[in-house]
Structures are given as C-alpha cells and as structure tokens.
Amino acid sequence: LGFKQIPRPDLGFDGSWLQLGDIQMHIIERNYNQNTPETPYCNNGKPRSPPVALRQSHHSAFMTNNIEEVVKKLNEFGLDYYKKPLK
C-alpha cells in the first residue's frame, strides 16, 4: 500500500505504526488471552454504562483542527463516537 513503518512508543502491547504522507495507521495485535472488550457499550456480552473509549480494541481515531465539523458529520450520519481532546 506504500506505507512506511514509523517509530512507536512502548504501549505495553504489540503493534505497528505506519505512515503514508500525512496519514497514519496504527495496527494493534490482538491478544486472545486478554479479556478485551469488543465495543464501547459491551464487555463480553455484558452491557456497560456509560460507554468507554477502547484504547486497545476495535476503533478508528482522527485528529482534526475543527472538532465541531467532525462531530456535526458524525451526528448527520448517525454514527456513535467518543470524543476526548488531546491535552
């Protein structure tokens, strides 16, 4: 695909960071021995409230200079999201 591997900090689990131009892809190796939740709303079939961000599971992450526009589009498409600004 043309991506180049870039340095990744030690996050305590296996994975790789790739970059193509301004786009980065972070790949996580799933550990089947770990009790990793599948969705922000469900943990191994048990409902969770409130939803939580999934640091080490299925997710997409985007960085933007206009979070209001991104939130507007997500709402227009009826997509769930978790918003946590970087400090």
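Two strands pair if DSSP finds at least two bridges between them. Strand 2 and strand 3 (residues 23-28) do so in the antiparallel sense, over six bridges. One of the pairs in this structure joins L20 to its bridge partner I23 in strand 3. The model is predicted. The chain has 87 residues, and 11% of them count as buried. One helix and five strands make up its elements.

**Layout and confidence**

- From the N terminus on, the elements run β-β-β-β-β-α.
- The average pLDDT of the chain is 76.
- A score of at least 70 is reached by 56% of the residues.
- Strand 1 has the highest mean pLDDT among the elements, at 95.
- Strand 4 (residues 42-43) has the lowest, at 62.
- Where pLDDT is low, the predicted coordinates should not be read in detail.

**The sheet**

- Three strands form an open sheet in the order 1-2-3, with antiparallel pairing.
- Strand 1 and strand 3 stand at the edges. Each has a single partner strand, so one side of each is left without a neighbour in the sheet.
- On average, neighbouring strands of this sheet are turned by 35° against each other, direction ignored.
- Strand 1 pairs with strand 2 (residues 15-20) in the antiparallel sense, over three bridges.
- K4 has Q19 in strand 2 as its bridge partner.

**Strands 2 and 3, residue by residue**

- G15 stands opposite I28 in strand 3.
- S16 has I27 in strand 3 as its bridge partner.
- L20 is matched with I23 in strand 3.
- The hairpin of strand 2 and strand 3 has two residues between the strands. In this hairpin, G21 takes a positive phi near 65°.

**Q24 and F3**

- Q24 is found in strand 3.
- Q24 counts as partly exposed, because its relative accessibility is 41% and the partly exposed class runs between under 20% for buried and over 50% for exposed.
- In sequence, Q24 and F3 are 21 residues apart. In space, their C-alpha atoms are 8.4 Å apart.

**Nonpolar surface patch**

- L1, M25 and I27 make a nonpolar surface patch of about 330 Å².
- L1 lies in the segment before strand 1 (4-6).
- L1 has a relative accessible area of 92%, so it is exposed.
- A residue needs over 30% relative accessible area to join a patch. L1, at 92%, therefore passes that cut-off.
- I27 has a second role here, as the bridge partner of S16.

**The salt bridge**

- How many salt bridges does a search of the whole structure find? The search finds one.
- The side chains of K73 and E76 meet in a salt bridge, at 3.6 Å from N to O.
- That distance falls within 4 Å, the cut-off for a salt bridge between a side-chain nitrogen of Lys or Arg and a carboxyl oxygen of Asp or Glu.
- K73 and E76 are three residues apart in helix 1 (residues 67-76), so about one helical turn separates them.
- Are the two residues buried or exposed? K73 is partly exposed, with a relative accessible area of 38%. E76 also counts as partly exposed, at 48% relative accessibility.

Notes. Residues numbered from 1 in each chain as written. Predicted model: local features only at pLDDT ≥ 70, side-chain atom pairs only at ≥ 80, totals over all residues. Heavy atoms only, no water. Patch = residues over 30% accessible without salt bridge, like charges linked within 9 Å, V, L, I, M, F, W, Y side chains within 5 Å. Areas by Shrake-Rupley, 256 points an atom, 1.4 Å probe, with all protein chains shown as cover. Helix = DSSP H or I, 4+ residues; strand = E, 2+ residues; numbered from the N terminus. Buried < 20%, exposed > 50% of the residue type's maximum accessible area, 1.4 Å probe, protein only. Axes fitted to C-alpha atoms, helices over the stretch in contact; angles between N-to-C directions. pLDDT = per-residue confidence, 0-100.
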